[in-house]
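Here's a friendly walk through a structure you may not have met before. Have a look at the sequence and the model, then read on for how some of the helices sit against each other.

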Amino acid sequence: MATPAISSAKSEFPWWLAAALALALIAALAIAASDLYAEVFATVAKGIGITVFVTVVAFALASALGLGIALMALSGSQWLRQIARFYVEIIRGVPILVLLFWIAFAGAPAFVAAWNALTAPLQSAGWIGELLVRDVSLLWRAIMALTIGYSAFISEVFRAGIQSVEKGQIEAAKALGLTRAQRFRLIVFPQAIRTILPPLGNDFVAMVKDSSLVSVLGVADITQIGKVYAAGSFRFFETYSIVAYIYLILTVGLSLALRALEQRLRRQHEE
């Protein structure tokens, strides 16, 4: 039987959402009615595609890398566990912006030098050409920085979710003769995803916001286009109000979608 507090929370009307939608509608009407705001919105909105691309690709890569690090942390090998812990603690201790600069201006040149050294025989034979630092676009340097930075946090989400599965079920799967991969795919991960999804969704929303950091490299996302437009037109209030409005639409919309998915999974589990 649900407690009164829980029942009250479920029946509580989301006034905050109503207020947010009202403000969003007012802002949309103001943009439509003003030629200036409409022009700013049309200009800044050109960066939405890059923002979404950077976020989706970086988050997908970070999730894959984070899952690999989490499995290493839960491995039976002490060396793998120590390597995973070293990676997580070091990466989490570096601010995303600093990591972005390091990957862009130190990591990328080092990668190019290592690649050319390893492929020197192939280059001498004329099979492949020499890789130059300028061949590695700033867009992909930014994506790799976000991937590495977020993978450390996401790995901890996966690790905690996997460890939340009851050991008795894993032992039962072993008794049935399931391999380690089968146990993970059929028993552990389907149950862990209910625990993993909420914090993973929060990380995704956070990455949408942190994707604005790629503007420091000149990547033409929402923030960079807004910065260039404001610098040229001196319409700082109008421009950054539109930038904030677009990010709010993206993040609040994603938060609501993730919350609905979380509630759906919870209902399915209760049934």
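First, a bit of vocabulary: a crossing of two helices is called right-handed if the near helix is turned clockwise from the far one by less than a right angle, and left-handed if the turn is anticlockwise. With that in hand, helix 9 passes helix 10 in a right-handed crossing.

Keep in mind that this is a predicted model. Across the protein chain the mean pLDDT comes to 87, with 94% of the residues at 70 or more. Helix 5 (residues 78-92) has the highest mean pLDDT among the elements, at 95, while helix 1 (residues 4-11) has the lowest, at 53. Where pLDDT is low, the predicted coordinates should not be read in detail.

**What the record says**

The unreviewed UniProt entry marks residues 48-74, 94-118 and 242-261 as "transmembrane region". It also places "domain: ABC transmembrane type-1" at residues 48-258. Here's how three of these annotated spans look in the model:

| Span | Helix | Strand | Distance between end C-alpha atoms |
|---|---|---|---|
| residues 94-118 | 92% | 0% | 29 Å |
| residues 242-261 | 100% | 0% | 29 Å |
| residues 48-258 | 81% | 0% | 20 Å |

**Helix 9 on helix 10**

Back to the pair we began with. The axes of helix 9 (residues 167-175) and helix 10 come within 10 Å and cross at roughly 165°. The two helices are therefore roughly antiparallel to each other. On the helix 9 side, Gln169, Ile170, Ala173 and Lys174 do the touching, and they meet Arg183, Ile187, Val188 and Gln191 of helix 10. That contact is a mixed bag: 4 nonpolar, 2 polar and 2 charged residues.

**Helix 8 on helix 10**

Helix 10 (residues 180-210) also packs with helix 8, at an angle of about 145° and with the axes 8 Å apart. This crossing is right-handed too. Helix 8 brings Leu146, Tyr150, Phe153, Ile154, Val157, Phe158, Gly161 and Ile162 to the contact, and the residues from helix 10 include Phe184, Val188, Phe189, Ala192 and Asp210. By type, the contact splits into 16 nonpolar, 2 polar and 2 charged residues.

**Helix 6 on helix 8**

What about the other partner of helix 8? Helix 6 (residues 96-118) packs with helix 8 (residues 138-163) at an angle of about 130°, their axes 9 Å apart. That angle is why helix 6 counts as oblique to helix 8. Their crossing is right-handed. From helix 6 come Ile96, Leu99, Leu100, Ile103, Ala104 and Ala108, and among the helix 8 residues they meet are Arg141, Met144, Leu146, Gly149 and Tyr150. In this contact, 12 residues are nonpolar, 1 is polar and 1 is charged.

Leu146 and Tyr150 of helix 8 are worth finding in the model: they take part in the contact with helix 6, and in the contact with helix 10 as well. Likewise, Val188 of helix 10 belongs to the contact with helix 9 and to the one with helix 8.

Technical notes. Residues are numbered from 1 along each chain as its sequence is written. This is a predicted model: local features need pLDDT of at least 70, side-chain atom pairs count only at pLDDT 80 or more; totals for chains, interfaces and linings use all residues. Side-chain values use heavy atoms; hydrogens and water are left out. Axes are lines fitted to C-alpha atoms, for helices over the stretch in contact, and angles run from 0 to 180 degrees between N-to-C directions. Helices (H or I, at least four residues) and strands (E, at least two) are DSSP runs, numbered from the N terminus. Angles under 35 degrees count as roughly parallel, over 145 as roughly antiparallel, 65 to 115 as roughly perpendicular and the rest as oblique. Contact means heavy atoms within 4.5 Å. Ala, Val, Leu, Ile, Met, Phe, Trp, Tyr, Cys and Pro count as nonpolar, Asp, Glu, Lys and Arg as charged, and the others, Gly among them, as polar. pLDDT is the predictor's confidence in each residue, from 0 to 100. UniProt positions are given in the numbering used here, feature names are shortened, and annotations may be inferred rather than shown by experiment.
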